[in-house]
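Subject: A structure for you to explore

Hello,

Here is the structure I promised to pass on to you. Have a look at it first, and then read on for what turned up in it.

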Amino acid sequence: MADLKPRNLISVQERLRDQVAHALRAALISGELRPGVVYSAPALAADFGVSATPVREAMLDLAREGLVEAVRNKGFRVTELTEGDLDDFTEIRALIEVPTVGLVTRTATPEQLERLRPAAQAIVDAAGRHDLIGYLEADRQFHLDLLGLAGNARLVEVVGDLRKRSRLYGLTRLDERGELVSSAEEHLELLDLMISGDAEAAEACMARHLGHVRSLWAEGRADAREERPLLRLRAR
């Protein structure tokens with residue numbers, strides 16, 4: 001240990017924190033961590049098989065994203081989103097993303113748009129293998145890379161923050177019903193419309209897609225109200 005450089009120790013600690021944060025997000029999406037319930041860092045650390053420190057650090061990261069809030073001397077409470085919150089998120093995203101899709105359709109080259117296809121296909125592939133976290137990661141990459149073609153980094157940052165705050169609880173139920181693949185394929189449909197140069201149809205597709213996202217939130221909230229035991233979590 002004496003020969004190990006401090007920066008390597010820091011790097012390992014940061015990676016562990018990121019792994020824990022990743023697993024916590026997965027638990028939020030699946031409903032293992034329920035809104036309104038307070039969870040202690042030591043208890044979660046025991047489930048992860050790690051010390052409490054990286055769990056606290058990961059929870060603080062999630063707190064900055066608005067996903068949890070600190071409860072003095074107790075732990076962290078998963079924040080609850082009201083129907084008004086969800087409507088607000090959907091409205092803001094629609095105001096930003098729908099016209100931006102139209103703008104990118106009119107200004108981006110077919111080659112630029114075609115480079116988004118692997119991410120769009122990755123969404124479908126993740127849905128096919130029931131990989132909800134992989135689905136969300138590919139979905140995030142596709143949407144943010146698409147918006148990035150508009151050339152406005154602040155716009156991408158705002159949408160990225162909105163996506164973190166608006167948890168897709170409904171993905172689990174959609175996957176259980178066998179409907180996640182068809183939802184995922186909307187990304188390929190959107191991309192094809194954009195490559196064809198049909199800005200109006202692309203905007204309509206994006207608006208429809210965001211409407212589906214809002215429906216997922218509504219279903220997920222209903223699922224989250226059901227009592228279920230907390231499953232043991234495992235960091236990747």
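Before we get to the cavity, one term: helices here are DSSP runs of H or I with at least four residues, numbered from the N terminus. Please also keep in mind that this is a predicted model.

**The cavity**

How many cavities of 30 Å³ or more does the structure hold? There is 1, and the space inside the largest cavity comes to about 30 Å³. Its lining is made up of His143, Glu186, His187, Leu190, Cys205 and His209. Two or more lining residues come from each of the helices α10 (180-196) and α11 (199-224). Which element gives the largest share of the lining? That is α10, with 3 residues. Sorted by class, the lining has 2 nonpolar, 3 polar and 1 charged residues.

If you wonder how such a space is found, rolling a probe the size of a water molecule over the atoms shows where empty space is left.

**Ser183 in α10**

While you are looking at α10, find Ser183, which lies in this helix. Is Ser183 buried or exposed? Its relative accessible area is 11%, and the cut-off for buried is under 20%, so Ser183 counts as buried. Leaving aside residues up to four places away in sequence, Ser183 touches Tyr135 and Leu174.

**Helix α7**

Tyr135 takes us to another helix, since it is among the buried residues of α7. Helix α7 covers residues 132-148, and at 1.5 Å a residue its 17 residues should span 24 Å. The C-alpha atoms at its ends are 24 Å apart, so the model agrees with that expectation.

How many of the 17 residues of α7 are buried? The count is 12, and the helix is mostly covered. Besides Tyr135, the buried ones include Leu132, Ile133, Gly134, Phe142 and His143. You have met His143 already, as one of the residues lining the largest cavity.

**The sheet**

Finally, look for the open sheet of 3 strands, ordered β1-β3-β2 with antiparallel pairing. Its edge strands are β1 (38-39) and β2 (68-71), each of which pairs on one side only. Strand β3 (residues 75-78) runs antiparallel to β2, and 4 bridges join the two. To see this pairing up close, find Glu69, which stands opposite Arg77 in β3.

Enjoy exploring it!

Best wishes

Key: Residues numbered from 1 in each chain as written. Predicted model: local features only at pLDDT ≥ 70, side-chain atom pairs only at ≥ 80, totals over all residues. Heavy atoms only, no water. Pairing = 2+ DSSP bridges. Expected span 1.5 Å × (residues − 1). Buried < 20%, exposed > 50% of the residue type's maximum accessible area, 1.4 Å probe, protein only. 1 Å grid on protein atoms, 1.4 Å probe; cavity = no way out; pocket = protein on both sides within 12 Å on 5 of 7 lines; lining within 4 Å. Points joined across faces, edges and corners; volume = space filled by probe spheres on them. Nonpolar A, V, L, I, M, F, W, Y, C, P; charged D, E, K, R; others polar. Contact = heavy atoms within 4.5 Å.
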